[in-house]
Amino acid sequence: GIERTFSIIKPNAVKKNAIGDIIHTFESKGLRVAAAKLTILSKEKCELFYAEHKERPFFGELVSFMTSGPVLLMCLTGEGAVLKNREIMGATDPKKADAGTIRAKHGDSMGENAVHGSDSLASAERELAIFFDKHELVNL
Ligand code: CMP
C-alpha cells in the first residue's frame with residue numbers, strides 16, 4: 001500500500017549541492033515529496049530524534065555533525081515507501097552500499113552518509129511528528 005516515510009538530506013550532501021540529485025533519485029524510483037523543510041537542527045531536537053542511539057560511542061559525533069549545517073527534512077510517499085526509501089539510500093556504510101544508491105554516490109563515511117531514512121512505519125510516524133505539523137504533510 002501507499003506509505004509515508006521520513007527522510008533527511010544530511011549536512012555533507014547539502015554542502016556539496018546534491019539536494020537536487022538526491023530528490024531526482026527518489027522521484028525517478030517512484031517516491032514523491034509530500035513535505036520539505038530546509039533548516040539547521042537544534043542540539044535538543046537532534047538528541048530527541050536520535051534518542052535510541054544515546055548510549056552509543058558515536059552519539060556525540062553524530063549530533064555534532066547533524067547540527068553542523070543545514071539539512072533538508074522531508075516526508076516521502078509512495079507504494080511501500082519505507083522499504084523503497086531504504087533500498088534507494090543503500091547500506092548505512094557508504095563503502096558497503098550498492099552501486100547506484102544515494103549513499104554510494106554521496107556518502108563520505110558512516111556518519112556523513114548523505115541521507116537518513118526511517119527503518120519502519122512506526123519510526124516514520126514518530127520521526128515525522130518530531131519535525132512536521134499534521135497540516136504540513138500534503139496528501140498526494
Ligand atoms: P542514520 O540513519 O541517520 O541513523 C543513525 C546514524 O548513526 C546512522 O545513520 C549513521 O550515520 C550513524 N552511525 C551509525 N553507526 C556509526 C558509527 N559506527 N560511527 C559513526 N556514525 C555512525
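Is Asn17 buried or exposed, and how many C-beta neighbours does Asn17 have inside 10 Å? In this predicted model, Asn17 counts as exposed because it has 8 C-beta neighbours inside 10 Å, a count that falls within the limit of 12 or fewer for exposed residues. Asn17 is placed in the loop between α1 (11–15) and α2, and its phi is near 65 degrees, a positive value in a residue other than glycine. Most residues other than glycine have a negative phi.

A positive phi is also found at Ala114, where the angle is about 75 degrees although the residue is not a glycine. Ala114 belongs to the loop between α6 (102–106) and β4. Whereas Asn17 counts as exposed with 8 C-beta neighbours inside 10 Å, Ala114 has 27 other C-beta atoms within 10 Å and is therefore buried, the threshold for burial being 20 or more.

The chain as a whole contains seven helices and four strands, and from the N terminus on these elements follow the order β-α-α-β-α-α-β-α-α-β-α. For 140 residues, a compact globule would be expected to have a radius of gyration near 14 Å, and the value of 14 Å computed for the chain agrees with this expectation. The C-alpha trace spans about 40 × 35 × 25 Å along its principal axes, and buried residues amount to 34% of the 140 residues. Among the contacts in the chain with a separation of 6 or more, 73% are accounted for by residues 24 or more positions apart.

The strand pairings may be described starting from β1 (residues 2–9), which is mostly covered, with six of its eight residues buried. Strand β1 pairs with β3 (residues 71–79) in the antiparallel sense over eight bridges; within this pairing, Ile8 stands opposite Leu73, and Phe6 has Cys75 as its bridge partner. Strand β1 also pairs with β4 (residues 115–117), again in the antiparallel sense, over three bridges, and here the bridge partner of Ile9 is Val115. Strand β3 pairs in addition with β2, in the antiparallel sense and over seven bridges, with Ala36 standing opposite Met74. Seven of the nine residues of β3 are buried, so this strand is largely enclosed by the rest of the structure.

Ser7 offers a local view of this arrangement. The residue is found in strand β1 and counts as buried because it has 28 C-beta neighbours inside 10 Å. Not counting residues up to four places away in sequence, Ser7 touches Met74, Leu76, Asn85, Val115, His116 and Gly117. The C-alpha atoms of Ser7 and Val82, which are 75 residues apart along the chain, are separated by 9.7 Å.

In soluble globular proteins, nonpolar side chains tend to be buried together. The largest nonpolar core of the model comprises 26 residues, of which Ile9, Val71, Cys75, Leu76 and Val115 touch the most other members. At least two residues of this core are supplied by each of β1, α2 (19–28), β2 (32–39), β3, α5 (81–89) and α7 (121–131), and the largest share, six residues, comes from β3. Two of these highly connected members also appear in the strand pairing described above, since Ile9 and Val115 are bridge partners. Val71 in turn touches Ile8, Ile9, Lys10, Pro11, Val14, Thr39, Leu41 and Met66, not counting residues up to four places away in sequence.

The surroundings of the ligand complete the description. The residues around the ligand are His53, Phe58, Glu61, Leu62, Thr92, Met110, Gly111, Asn113 and His116. By class, this shell has three nonpolar, five polar and one charged residues. One of the shell residues, His116, is also among the residues that Ser7 touches.

Key: Residues are numbered from 1 along each chain as its sequence is written. This is a predicted model: local features need pLDDT of at least 70, side-chain atom pairs count only at pLDDT 80 or more; totals for chains, interfaces and linings use all residues. A residue is near a molecule or strand if its C-beta atom, placed from the backbone, lies within 6 Å of it. Ala, Val, Leu, Ile, Met, Phe, Trp, Tyr, Cys and Pro count as nonpolar, Asp, Glu, Lys and Arg as charged, and the others, Gly among them, as polar. The radius of gyration is taken over C-alpha atoms; the globule rule is 2.2 Å times the number of residues to the power 0.38. Two residues are in contact if their C-beta atoms, placed from the backbone, lie within 7 Å. Two strands pair if DSSP finds at least two bridges between them. A nonpolar core is a set of buried Ala, Val, Leu, Ile, Met, Phe, Trp, Tyr and Cys residues joined through C-beta atoms within 7 Å.
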